[in-house]
Amino acid sequence: MTNHDKPELTPTVEELEAQERRLVFRAFTHDDAWELGSLLVRLATERQAPVAIDIHRAGQQLFHAALPGSTPDNDAWIARKRRVVERYGSASYLVGTRFRAKGSTFEDSSRLDPDLYAAHGGSFPITVADVGVIGAVTVSGLPQLADHKMVVEALEQFLDARGLL
């Protein structure tokens, strides 16, 4: 069995919460948004991933890119996943996982309009130490766990390069 044949293990609530505690910025500027977004574009381009990438801070879009193969639907998914981060202060994948861990689904139990909110993987909070969640970085176009993992990988590389991990 090769690595591509192995089923992906779904992260636990605890593992996802640990990612959020670890992936924290000291500050987050317009330049940081450009660099993080550009890193995501490079990762996606290397993998020929048909994704759209978005970074928002305090209600303002600081970065957006639509790679070949992405569609307007990806932009709609980005908005829905980002709203979950903004409302819950947690990664969209973590929010959905928390509902599933309680034996339900986000769609069945959140009482939120599914046309506006999607607790699917791919949107991760931008958290600044001693401040809290100030925005979100979002990828859409792959299966939800792959979207989530791409964002986490980029955040890890970005923060590690700055000595923050």
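Phe28 is in contact (heavy atoms within 4.5 Å) with Ala33, Leu36, Ile55, Arg57, Leu62, Ile126, Val128 and Ile134, residues up to four places away in sequence not being counted. The model is predicted: local features need pLDDT of at least 70 and side-chain atom pairs count only at pLDDT 80 or more, whereas totals for chains, interfaces and linings use all residues. Residues are numbered from 1 along each chain as its sequence is written, and side-chain values use heavy atoms, with hydrogens and water left out.

Phe28 is among the residues with the most contacts inside the largest nonpolar core, as are Phe25, Leu36, Ile55, Phe124, Val137 and Leu155. This core has 35 residues; a nonpolar core is a set of buried Ala, Val, Leu, Ile, Met, Phe, Trp, Tyr and Cys residues joined through side-chain atoms within 4.5 Å, and buried means under 20% relative accessible area (exposed, over 50%; partly exposed, in between; 1.4 Å probe, protein chains only). Helix α6 gives the most to this core, namely eight residues. A second, separate core of seven residues includes Val95, Phe99, Tyr117 and Ala119.

In helix α1 (residues 13-22; helices are DSSP runs of H or I, at least four residues, and strands are runs of E, at least two, numbered from the N terminus), the buried residues are Val13, Leu16, Gln19 and Glu20. These residues lie on the same side of α1, because they cover an arc of only 125° around the axis, taken from the directions from the helix axis to the C-beta atoms. The exposed residues Glu14 and Arg21 are carried on the face of α1 turned away from its buried side.
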